[in-house]
Every structure is written in structure tokens, then in C-alpha cells.
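The exercises below concern helices, pockets and a cavity in one protein chain. Each task is followed by a solution in steps.

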Amino acid sequence: MTLNAITHFRALAIVFVVASHCILLAHYDTPSLMQGTFINLITGATVFFVLISGILFQTVFVPRYSFRRFMRSKLRNVALPYLVLSLPLIVFTTLRDRPHPDTGGAEQILHGATLFFTGNTVIAYWYVPAILVIFLMSPLHMAFQRLSLSHQLSLTAMLYLLSNIAQRSVEDMFIPQSVLYFTPVYLTGMIYSQNRQRFLPPLKRLSLPLLLLAITLAMLAAQAGHYGNYHTGFSLRWTEFDLMMPQKIALSFAILGGLERYADRPIAWSQTLADASFGIFFLHAPMIALLLEAGYQPLFAAPLANIAVMTTLLFALCLSAIALLRRLFPAHSRRLVGA
């Protein structure tokens with residue numbers, strides 16, 4: 001399986017992620033239907049990253065799988081930069097949130113540990129503890145990839161049903177709920193990779209209908225007054241149908257089908273973004289937090305213009321920081337910031 005299409009997909013995924021977080025810098029009041037549809041299309045891009053992770057696990061790691069070697073690489077390239085970048089944020093947050101000068105150190109340590117294990121320091125960092133748990137489940141994934149396709153599809157469909165009932169946790173703080181929500185996406189990536197030759201012809205034909213389906217689902221959610229992801233406290237009671245998940249799966253395969261059909265070749269800028277994607281993920285979140293802490297105000301009256309300009313600015317800052325770190329620490333930059 002050629003990985004050029006996946007490389008382009010990784011590049012697009014990080015653009016979606018940063019753009020969706022720049023909504024915080026746009027200050028929407030009451031979005032119009034078009035604006036709400038746009039918000040719903042660019043948010044929830046974590047699904048892209050999880051789907052790509054499943055594809056890469058099946059493509060790259062399954063043929064030479066060793067749990068120890070697999071987890072060592074993930075701890076080195078995912079957990080270590082998370083530790084390096086989150087610890088200063090945790091120290092700052094625990095000192096800032098200290099409820100009373102006489103509060104004991106034990107309470108602050110507990111607060112800091114909670115921030116670390118939930119990733120609730122800055123926006124998006126919750127993803128790292130969640131994806132590390134999914135990586136720890138790799139022996140189960142190895143068993144899954146040995147099942148017949150019909151059994152794989154049945155199990156994944158059941159997990160999607162549970163995922164839609166559970167939805168994402170409040171502020172993404174409850175990691176088991178996040179793992180439940182995103183596991184079927186990871187398995188979908190594995191199924192696609194394992195059966196790519198069988199799925200590719202219909203996928204190429206259906207990329208446009210899947211794109212139209214994604215836009216329709218995003219519009220339906222906006223029409224109902226829902227913008228962004230669906231979050232709820234953990235329970236197995238169905239409160240409302242989560243339109244974000246089917247929308248993002250449709251959009252994922254619409255993009256993937258288009259890339260497999262039209263752009264399955266190396267592109268320099270795409271490779272650059274893909275290689276730096278995890279570093280951009282780690283760096284853009286603290287930058288947004290600093291802007292909000294400093295009292296950032298929107299630059300333009302038009303929210304979409306703010307999103308476009310701030311996304312471009314954050315990419316420029318992140319890529320510059322990564323280039324500098326690669327120059328200063330050529331052998332260690334990936335362990336410091338993930339790129």
C-alpha cells in the first residue's frame with residue numbers, strides 16, 4: 001500500500017485540527033446556517049488522526065508486531081513530548097488555580113496528577129492519554145485483524161453504536177469514554193488498510209457522494225442548533241444522536257477517496273506538514289492558551305476571516321519553532337515536541 005495518500009491526509013488533518021481550535025479565537029455569537037455548517041465540518045478532526053493511526057498500525061506495525069517495540073516507539077515519540085510540554089503547563093495551572101494560600105501541597109499534587117492523566121491542561125492535550133490507552137490495547141487489535149471481514153464489520157458496527165450512545169466526555173476529561181468513542185474509528189482504519197484493494201474502486205466512485213453526505217449531516221446539526229462535538233456525562237442512555245461521528249467518517253473517506261484517486265504522489269509541502277503534524281499539534285495548543293490568557297480579541301469582524309488568519313499565523317509560528325528546535329537539537333527534537 002502506497003502511503004502518499006495517507007501522508008496528504010495527515011497534512012490535511014492537522015490543518016483541520018488547528019483551524020477548528022481557532023474557532024476559540026473567532027468569537028462567534030449566533031452562527032448563521034452556513035457558518036454553523038462550516039464549524040461542524042472542521043471540528044471533530046480527531047477522527048482523522050485516529051483513523052490514520054489505525055491505517056498505519058495495520059500497514060506498518062502488524063507485519064513486524066512486537067508489543068514491547070511498538071509501545072517503546074509510542075512512549076518515545078508520543079508520551080515523551082507530551083511529558084516535556086505538559087509539565088510546565090501543569091505547574092503553571094496548579095499554581096494559578098490554587099484555591100487558597102494555605103492549601104496543602106498534597107492537594108496541588110493531586111490536581112497536577114489529574115491534569116497530567118486527563119490531558120486537561122490546554123485544548124487538545126486530552127488526545128494523548130486517550131490514544132496511548134488505545135495503543136496499549138494493541139494485543140486486542142492484533143486479535144481483531146485476524147478475524148474474518150464479516151466479524152470485523154459486525155464488531156465495529158456494535159462499537160459505533162456504543163460510541164454514539166456514550167459520545168465524548170464533558171471537556172474530554174474522562175479517558176475511558178474517549179477510548180470507547182474512538183476505538184471503532186481506529187478499527188475502521190485497520191479494516192480499510194487490510195482490505196484496501198477491495199474497497200478502493202467503490203471508494204473512488206463514492207468520494208463525491210460521501211462529501212455531499214458529510215456536508216448534509218453538518219448542515220442538519222447546524223439547523224438543529226448544534227455546533228461542534230457532542231459531549232455528555234458518561235452513561236449508556238441515549239440522549240441525542242451524535243451526528244458528528246457519521247459526518248466525520250463520511251468526510252474522512254470522501255477525502256481519502258479523492259486523495260487515492262487524484263493525489264497519490266509525493267507533494268513537498270504535504271510531506272512537510274505531515275512530518276511536522278504532531279509537533280504542530282503539541283505547539284499550537286499552548287499558543288492558543290497564551291493568546292486567550294493575554295486577552296486576545298478578534299482581528300476582524302468576520303469570524304471566518306479570523307479563523308483563516310489565525311490558522312495561518314499558528315502554522316507559521318509552529319513550523320518556525322520546529323525548524324529552530326531541529327536545528328538546535330537535531331537528534332532530540334522529535335522527543336521534545338514530537339517532530
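**Exercise 1. The cavity**

Which helix gives the most residues to the lining of the largest cavity?

Solution. The coordinates come from a predicted model, in which local features need pLDDT of at least 70 and side-chain atom pairs count only at pLDDT 80 or more, while totals for chains, interfaces and linings use all residues. Residues are numbered from 1 along each chain as its sequence is written, and side-chain values use heavy atoms, without hydrogens and water.

Step 1. Find the cavity. On a 1 Å grid over the protein atoms alone, a cavity is a set of points where a 1.4 Å probe fits but cannot get out; a pocket is an open set with protein on both sides within 12 Å along at least five of seven lines; lining residues have an atom within 4 Å of a point. Searching the whole structure gives one cavity of 30 Å³ or more. The largest cavity holds about 30 Å³ of space, where a volume is the space filled by probe spheres set on grid points joined across faces, edges and corners.

Step 2. List the lining. It consists of N40, L217, A218, A221, G228, Y230, L243, M244 and Q247.

Step 3. Assign the residues to helices (DSSP runs of H or I, at least four residues, numbered from the N terminus, as are strands, E, at least two). Both α10 (196-223) and α11 (244-262) supply at least two residues. The most, three residues, come from α10.

Step 4. Sort by class. Ala, Val, Leu, Ile, Met, Phe, Trp, Tyr, Cys and Pro count as nonpolar, Asp, Glu, Lys and Arg as charged, and the others, Gly among them, as polar. The cavity lining then has six nonpolar, three polar and no charged residues.

**Exercise 2. Two helix pairs**

Describe how α10 packs on α11, and how α7 packs on α9.

Solution. Step 1. Axes are lines fitted to C-alpha atoms, for helices over the stretch in contact, and angles run from 0 to 180 degrees between N-to-C directions. For α10 and α11 the angle is about 130° and the axes are 6 Å apart. The two are therefore oblique; angles under 35 degrees count as roughly parallel, over 145 as roughly antiparallel, 65 to 115 as roughly perpendicular and the rest as oblique.

Step 2. For α7 and α9 (residues 175-194), the angle is about 40°, with axes 11 Å apart. This pair is oblique too.

Step 3. A crossing is left-handed if the near helix is turned anticlockwise from the far one by less than a right angle, and right-handed if clockwise. α10 and α11 cross in the left-handed sense, whereas the crossing of α7 and α9 is right-handed.

**Exercise 3. The pockets**

Which element gives the largest share of the lining of the largest pocket, and which does so for the second largest pocket?

Solution. Step 1. The largest pocket contains about 990 Å³ of space. Its lining has 40 residues, with H21, L24, V122, I123 and A124 closest to the centre. The largest share, eight residues, is from α12. By class there are 22 nonpolar, 13 polar and five charged residues.

Step 2. The second largest pocket contains about 730 Å³. Among its 28 lining residues, R10, L56, K74, F278 and R334 lie nearest the centre. Here α3 supplies the largest share, seven residues. The classes are 17 nonpolar, six polar and five charged.
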